[in-house]
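Dear colleague,

Please find below the structure I promised to hand over. My notes on it follow directly after.

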Amino acid sequence: MAVAATTTPKTGTTPVTAAPRTLRRRRPRPGRAVVNVLLLAVSLVYVLPLLWMLVASVSNLNSFRLALPDALTLDNFDAVLNVDTTYRPMLNSLLLCGFATLVTVVVSILAAYPLSRYRSRLRRPFLYTILFSTGLPITAVMIPVYSMFVQVNLIDSMPGTTLFLAASALPFGIWLMKSFMDGVPLVLEEAARIDGAGAMTVLWRVVLPLMRPGVVVVTIFTFIGMWGNFFVPFILLLSPEKLPASVSVFTFLSAHDQTQYGQLSAFSIIYSLPVVMLYLILSRKLGGGFALGGALKG
Amino acid sequence: MRSKLITAAAVTAATALAASGCSSGSSGSSSKSIKVVYWQNLDSTSKLQANFLASMVKEFTKANPGTKVNLVPVTASENDYYTKIQLMMRSPATAPDLVYEDTALINSDIAGGYLKPLDAYTAKWSDWSQYAAAAKTAVTGASDNKVYGVPDNTDTRGIWYNKQLFTKAGISVPWQPKTWADVLTAARKIKSELSGVTPLNLYTGTAGGEASSMQGFEMLLYGTPAGDKSLYDASQKKWVVGSKGFKDALDFVHTVYSEKLGPSVSDALGANFGTTVGTELIPAGKLAMDIDGSWMPNNWSSSSAKPWKDWESVMGEAAMPTQNGQAPGSTSMSGGWAWSIPAKAGNPDLAWKFLESVQTKTNSAQWNALNATIATRTDVASDPTYLNAVPTNKFFTGLVADTHYRPGLPAYNQVSTAIQKAMESVTTGQASVDKAAATFDNDVKSAVGDDKTVKGTS
Amino acid sequence: MSTLTTAPPGTDGDRRSRGVPPAAQSLLRGLPLLPSVLLLAVFLAGPIGYCVYYAFTDMQLTGASGTHFTGFANFTRAFHDADFLNAVWLTLVFVVGSAVVGQNTLGLALAVLMEKAAKPVRSIVNGVVIAAWVLPEVVAGYLMYAFFYSQGSLNSILSALHLPQQNWLYTLPILAVCLANVWRGTAFSMMVFSAALNDVPQELTEAAEMDGAGPWQRFFRVTLPVIRRSILTNLMLITLQTLSVFGLVYTMTRGGPGNKSQTLPVFMYQQAFQNSLIGYGTAIALVLLLVGALFSAVYIRLLKLEDD
């Protein structure tokens, strides 16, 4: 469990060892207090915009200023919580992004294993190609994708759009997954192999459990990207009842309609909830968010 | 393990194909059903058209049993809406049977080969003669003179002014300027008499988009002596560059912003300033004059987000004067939307039949009254229900006589962007009027080609 | 990513596949790649191929019906287009400012400081920084717009502190979008560095401390050299991510005012979809792809140098 030992218990070990060290060796430096204050100041800056969103969503004042409301109201939530604006688009989003993330993660894991473990002349060109393609703005390819989807009759199809979303997230997913897999040492794997386990068994039983943080990072990264993707589903789905929340959110939010800050904020919160929940659930399984960096090393 | 995964992949693929097979049925159209695509904005008026069309569909399917009309609203920004319908119109499998477009875009889509000429239909439709000539021009192909759409609404532009502020500044109301100079005189007077009040809003800059071009610049440009030939000379089929009128109009913009007769430059150049003008500055009595559209009351009606019931008594309307008061004395710009049938539509005959039923006199009047737009049918324009729907309808309908439509050409988009850039640079003072005009000339030449431009004579 | 450049830690699959000919064996090993290759080939490679073709044509979404091959005309046009050059410049500013300097430095600083901070403080920092990261891009853009807006939170705070206010989105839009991207993206770097710092052997820092090295010296002489590979890898990933950022900028400023925050993805979108110039737009996308490849090549080269 070499890797687990270096990644997961970060929460516990580092501060415990770091703190006594400083205390023991030197006078109690003001350093630590400064560090704490500094970090709290950064947190404050970070939290302000989030705070504004929370306040604006229940405030009766329609303002971009961060101000305490005269009265609290749930009208904003009432206004957006209906089938057309929220429920159906959110369900579509969950279906599209959920399945697409699943496909991306599973396919990336499969692809990452040979890329991380075996030598081949094709490996490096393949890796570089997918690495470079992560810089491509996906909006650029949507015109040919549309034509292609029309030809193969995948236009306006949820599964088709799901597969495209999955494919568009794959380059980054594979690359990241492979990097994490590189951090998993071979010792245990070899032991399992000596016992006669096949490559896939080794991958699933030995390697994956050791790189859970990496899988979580890829999962969240993929899901966030898809959840916010507006253009792909907008182009590939025609029926309004199939469109995910990102499409209306994008129009809604980028219009900056100044008469509806409250509703926009309420909508933003509802729209962000699934991603936040996903993060909380996945990171809880790893004992807090600290281990998410996993073993991504050069 | 591996075989399980392969099975899973196969199942996924199979589901995808099966589902796509199902969906293909809904995207095409059979002989008894049509697909109608329109733009649904997310603002307070979002449901107006949806509800209106739904009632039209009900009426139509009742009169024509066995038919089916699928309404497909597209929720997106205006530009993304166009991207989407243009993609849909590229292939027979996804092309709608009826599509709703801004008239400014129609010529572009004609050139793209997306639309079907409707002459065969209009020839047999007696109501067609009721449509105003200018409105018909807006939906006529520039190169082949064929009709490509039925316009269902238009708009005009003029000067909205605050009568209370005018009286306070000592300007008598009702007020009707005769020349551009009259407008500036009034603005200067307000600036010196009233503090905390912005004298005049003139939309400017690229963030304002088409509002800057149309409400801001073209309201000036088409009022110069060259009139209808000030931006595009239809007889020569060439874009006008290097004209004196263009510089005069830019100079007006420069005067407004350099003398601080307009909003602060940073506000004016911000995205969405239009909403601020309509929902905040005007109702709060902080803006004395606003060159804006006939639709402004939509901001203040009881169904809007911030109703303002005093607007009828506070706000006055004046026509935009021509530069020196030359004939016809006033000018205006018009846009509007129209229904068209795509070239690759599966069921154009039924689509036309539905369109006819939506565009009867009664239904047109109802629609124009409902969304506070100006009528395109002359019989509707004199209809009391329409005229009484919004108190300003009579005034703005009157402006139709001297209105102008933008050149409905594919290149207009790029020319419009060039106009906005020129405006922005004189608004900020980054460039002189001469330099901004020269940049505009270059931009236009590189967008449409040297041979498609002509030097303006006035 | 040591395996990217040096020999991979080759396991000896031979044990299992004794008797299987080498060619068949490598096919077998490559089998798990199949689903990804299929997906990538069908959904990405094909369309990208088309895009390369479009980039050499005058294809328009509307306004003209035919598509003609025009050679390098789109590229020539781009390099004579002041707006394009401006977009390239702003993209570099955006990538260097918000990713290479912003996210990378702040992420490292936070990770280092958090090692020394009290536990509750650490939880708070983690919570808020990651919260900004998991928010959907549009929402982040909207919040940042509200924050930097002339009547927004930032200015109300500045006025409360009696500091001069700014109309950030007008006077310094590129700075505003850079800061927004730092706000949104730092979490990733922070997590990468937290993990990397954790792997710095304690004996090393302790030995340095024993030798009388101060905290700065320890950081620059011991910690930094140990985690340099993580830094390079992180730089490469966030550079590529930042290059294609579109939603955040578009939601905040739409590239404006004028073209003062018009990065390449925004410029591409406006040319391709607002001006309907598909050919020109895809040519710009290819340039963007090239810029990304150049950046990655530099990082890969640096990583390679590390190995020698």
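In this predicted model, the domain assignment divides chain B into domain 1, made of residues 27-155 and 335-405, and domain 2, made of residues 157-334 and 411-455. The C-alpha centres of domain 1 and domain 2 of chain B are 28 Å apart. Where the two meet, 21 residues of domain 1 of chain B are in contact with 22 residues of domain 2 of chain B. On the domain 1 side of chain B, helix 18 (393-398) and strand 14 (403-405) each contribute at least two residues to the surface that touches domain 2 of chain B. Strand 14 of chain B provides the largest share of that side, with three residues. Sorted by class, the side of domain 1 of chain B that touches domain 2 of chain B consists of ten nonpolar, nine polar and two charged residues.

As to confidence, chain B has a mean pLDDT of 88, and 92% of its residues reach 70 or more. Its N-terminal stretch needs separate mention: over residues 1-28 of chain B, pLDDT stays under 50. The model nevertheless has 31 contacts beyond four places in sequence for residues 1-28 of chain B. Where pLDDT is low, the predicted coordinates should not be read in detail, and I would ask you to view those contacts in that light.

Some points of backbone geometry may interest you. Most residues other than glycine have a negative phi, and most peptide bonds are trans. Chain B departs from this at the following places.

- Val173(B) and Pro174(B) are joined by a cis peptide bond, with omega about -5°. Pro174(B) sits in the loop between helix 7 (163-168) and helix 8 (180-193) of chain B.
- A cis peptide bond also runs from Ala327(B) to Pro328(B), where omega is near 5°. Pro328(B) belongs to the loop between strand 11 (320-321) and strand 12 (330-334) of chain B.
- Lys237(B), although not a glycine, has a positive phi of about 55°. This lysine, Lys237(B), is placed in the loop between strand 7 (232-233) and strand 8 (238-241) of chain B. Lys237(B) counts as partly exposed because it has 13 C-beta neighbours inside 10 Å.

In chain C, His162(C) likewise is not a glycine and has a positive phi, here about 60°. His162(C) lies in the loop between helix 8 (153-160) and helix 9 (168-171) of chain C. Since His162(C) has 6 C-beta neighbours inside 10 Å, it counts as exposed.

Turning to the annotation of chain C, an unreviewed UniProt entry lists "transmembrane region" at residues 37-56, 87-112, 124-148, 168-184, 231-252 and 277-300. Among them, residues 168-184 of chain C are 94% helix and 0% strand in the model, with end C-alpha atoms 18 Å apart. Residues 277-300 of chain C are 96% helix and 0% strand, and there the end C-alpha atoms are 35 Å apart. The unreviewed UniProt entry also places the feature "domain: ABC transmembrane type-1" at residues 89-299 of chain C. That span, residues 89-299 of chain C, is 81% helix and 0% strand, and its end C-alpha atoms lie 20 Å apart.

Finally, chains B and C touch one another: 16 residues of chain C are in contact with 20 residues of chain B. The side of chain C that touches chain B has six nonpolar, nine polar and one charged residues.

With kind regards

Technical notes. Residues numbered from 1 in each chain as written. Chains lettered and ligands numbered in written order. Predicted model: local features only at pLDDT ≥ 70, side-chain atom pairs only at ≥ 80, totals over all residues. UniProt positions renumbered as here; feature names shortened; annotations may be inferred. Helix = DSSP H or I, 4+ residues; strand = E, 2+ residues; numbered from the N terminus. Contact = placed C-beta atoms within 7 Å. Nonpolar A, V, L, I, M, F, W, Y, C, P; charged D, E, K, R; others polar. pLDDT = per-residue confidence, 0-100. Domains from an automatic or database assignment. Buried ≥ 20, exposed ≤ 12 C-beta atoms within 10 Å, placed from the backbone.
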